[in-house]
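Hi everyone, thanks for making time today. I'd like to walk you through a structure that is probably new to most of you, so please follow along on the screen.

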Amino acid sequence: MTIEEIKEQLRKLRTDPREFFKLLSVFDNVKKKTVPFILTETQEKYLDMLMTSNRIVIVKARQIGISTVTRAYFLWRAWAASEPLKHAVISYTRDSANHLHGIDKAFLASLPPQLGRKMAKDSAGTLRWEDTDAELKAFTAGGKAGATRSFSFTSCHISEFAFFDDQAELLSNCIASAGEGQIVIETTVKEAADHYSEIVAGAAAGTNGWTLAFFPWHGEKKHSSTPKFGNGAVPKPTEDELALKKKLKLNLSQLYWRHQQISTMGEAKFRREFPSTVEEAFRSGTKHWLSPEAVAELRKVDLGRGPEFCYEDPDDDERYAMGVDVANGTGGDSSAITVVSTTTGQPVFHWADNRTPPFRFAEVVKEVYHNWNEPLVLVEGNGVGQVVLGLLEQWEVDLWKDNAGKNWQTGKTSKAQILERLREMIERHELRELEGTLVDQLCSLVPNAWGGAAAPKKQHDDLVMSFALALEAREAVPRFVDEGRRVGMIDRWKTKVRAQRIRLAKLPFRPASFGDGGKSNNYKRRF
């Protein structure tokens, strides 16, 4: 090779990280040996982001090699630098910092000897080249954002960012040091309402100057297995699995790999470690009111677009209870109705709308009341609920009253009590297949300081509250049904729900209901 050819090769190595990566080797944990470092499709996409953006925030599934590419990229930048650039990797724990710096050192050691240059420092936490004074430095902030103030660097890779005590201060210190230099945030999700989640939300919306790098599990080819659905003890794909396959455009090999992982670790943990969407990643990191196991068991039922959602037709031989949550009807919270079977506790009907004023909503309540065998009706009496109560009393609707003859008032204690009854039913898997909006609201609830739960900011719990109120009303209705019959009714109810879901999915239109011109579901009016 001539001098000119050598110079050209060195020029490529200094300007193109892909040329540099071709010279690196990594240890393959599956093959248990060192192999050439070859980028996957996911890693190629990520490297393009590294080459074009100075602010990157990462949300990812496990085991896709994002940390490895990040370290290879920063090694290349330090190796190729002609100036004393300082590249920092900041981690929450010493073990994590040592691991990441160990990747740097292993990559450097895998370079051909002729590309080796004298090091001014090669220690447990620092690699510094003698000729350029360029440096890679790893250190632990120990969870304290202020620990970075004593370091000066031109770019940084922040690992496990979500676990730092003061994420905003840590990032502020890094930006102050790096200036316009590159900052990469990589972490597993810890909470859904921390500074990391705000950065991700801003990046997704394109409002904060950060680039969102999201890498779901199904973007990695190795996350697949030879499908064995229906062979031996392996069941065929469920309806939910087939629906997910269609939604995410999975092949059977990917679906079977997912099935295997969930069989081993459970669905809740799988969603946390291998999210399919950004929202799923943050949902798994939230301290939810429901347990992950309960959330994993809930199934959404498609009952149309609303405002009414009906699971089955009224049964003349059944008694019902009804919960009513009243809102202003001005586009914020919804006014909501839930009707439940007093025998099973299963919901049979919902109604929800955020543009219906209270006096109109009272008319809806009266109509639902007559359609469902005149159930006992519990209306939340707080605020505008008094408007609805006044009209229902004029119309002689059978209203729930406490032992003192007073209407229901929702307070901190009473709300916690009725929600706990609902939670107990869900945690015991007595409620599994529910209308989709209701499932979303249940899964979003977070515990509050009074032992109850509340919806996060900008989210709602209207259907949840009407459901909980209906279950409270149910407690006041005498029930004379043995457990065997009750369980049988629940099973028949579930069969009806599944049948209706299939029937509605095949229809090219929605049957008429409440005079909506066929825009919702197959709820039949009886009067």
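Let me begin with a term I'll use a lot: a residue is buried when its relative accessible area is under 20%, exposed when it is over 50%, and partly exposed in between. Take arginine 423 as a trial case: with 22% relative accessibility, arginine 423 falls in the partly exposed group. Please also keep in mind that what you see is a predicted model.

Now the overall picture. The protein has 527 residues, and 49% of them count as buried. There are 18 helices and 19 strands. About 25,300 Å² is exposed, and carbon and sulfur atoms supply 50% of that. If we take the contacts between residues at least 6 apart in sequence, 69% of them join residues at least 24 apart.

Let's stay with arginine 423 for a moment. Which side chain does arginine 423 meet in a salt bridge? The partner is glutamate 420, with 2.8 Å from N to O. Both belong to helix H15, which covers residues 412-427, and because they are three residues apart there, about one helical turn separates them. Glutamate 420 is partly exposed too, at 34% relative accessibility.

In general, side chains of opposite charge can pair when their charged atoms come close. How many salt bridges does the structure hold? The count is 28. Lysine 22 and glutamate 19 make one of them, at 3.2 Å from N to O, and lysine 22 is exposed, with a relative accessible area of 58%. Arginine 128 and glutamate 135 form another, where the closest N and O atoms are 2.9 Å apart. In that pair, arginine 128 is partly exposed at 21%, while glutamate 135 is buried at 12%. There is also a network of salt bridges, which links Asp240, Arg258, Glu267, Arg271, Glu280 and Arg299.

On to the aromatic rings. A pair of aromatic rings is described by the distance of the centres and the angle of the planes. Searching the whole structure turns up 19 aromatic pairs. In one of them, tyrosine 73 and tryptophan 76 have ring centres 5.9 Å apart and planes at 40°, so this pair is tilted. These two residues sit in helix H4, residues 66-80, and because they are three residues apart, they are separated by about one helical turn. Buried or exposed, what would you say for tyrosine 73? Tyrosine 73 is buried, with a relative accessible area of 5%, and tryptophan 76 is buried as well, at 8%.

A second tilted pair joins tyrosine 92 and phenylalanine 163, with 6.2 Å from centre to centre and 50° between the planes. Where are these two? Tyrosine 92 is in the loop between strand E4 (86-91) and helix H5 (94-109), and phenylalanine 163 is in the loop between strand E8 (155-159) and helix H6 (167-178), so the pair ties together parts that are 71 residues apart in sequence. Tyrosine 92 is partly exposed, with a relative accessible area of 28%, and phenylalanine 163 is partly exposed at 25%.

Ring pairs also build a cluster from Trp217, Trp257, Phe270 and Phe274. And rings can have charged company here: the charged end of arginine 14 sits over the ring of tryptophan 79, 5.2 Å from its centre. Similarly, lysine 366 lies over the face of tryptophan 395, at 4.3 Å from the ring centre.

Let me go back to helix H4 for one more residue, threonine 68. Threonine 68 is partly exposed, with a relative accessible area of 23%. Leaving out residues up to four places away in sequence, threonine 68 touches Val26, Phe37 and Phe107. The C-alpha atoms of threonine 68 and aspartate 104 are 8.9 Å apart, although their positions lie 36 residues apart along the chain when we count from one to the other.

My last stop is on the surface. Which residues form a nonpolar patch there? They are Ile3, Ile6 and Leu10, and together they have about 250 Å² of accessible area. Isoleucine 3 belongs to helix H1, residues 3-15, and is exposed, with a relative accessible area of 57%.

That's the tour, and thank you all for listening!

Methods
Residues are numbered from 1 along each chain as its sequence is written. This is a predicted model: local features need pLDDT of at least 70, side-chain atom pairs count only at pLDDT 80 or more; totals for chains, interfaces and linings use all residues. Side-chain values use heavy atoms; hydrogens and water are left out. Rings of Phe, Tyr and Trp (its six-membered ring) pair if their centres lie within 6.5 Å; planes under 30 degrees apart count as stacked, over 60 as edge-to-face and the rest as tilted. Helices (H or I, at least four residues) and strands (E, at least two) are DSSP runs, numbered from the N terminus. Buried means under 20% relative accessible area, exposed over 50%, partly exposed in between (1.4 Å probe, protein chains only). A charge sits over a ring if NZ of Lys or CZ of Arg is within 6 Å of the ring centre and within 35 degrees of the ring normal. Patches are made of residues with over 30% relative accessible area and no salt bridge: like charges are joined within 9 Å, nonpolar side chains (Val, Leu, Ile, Met, Phe, Trp, Tyr) within 5 Å. Accessible areas come from the Shrake-Rupley method with a 1.4 Å probe; for residues, only the protein chains shown count as cover. A salt bridge is a side-chain nitrogen of Lys or Arg within 4 Å of a carboxyl oxygen of Asp or Glu. Contact means heavy atoms within 4.5 Å.
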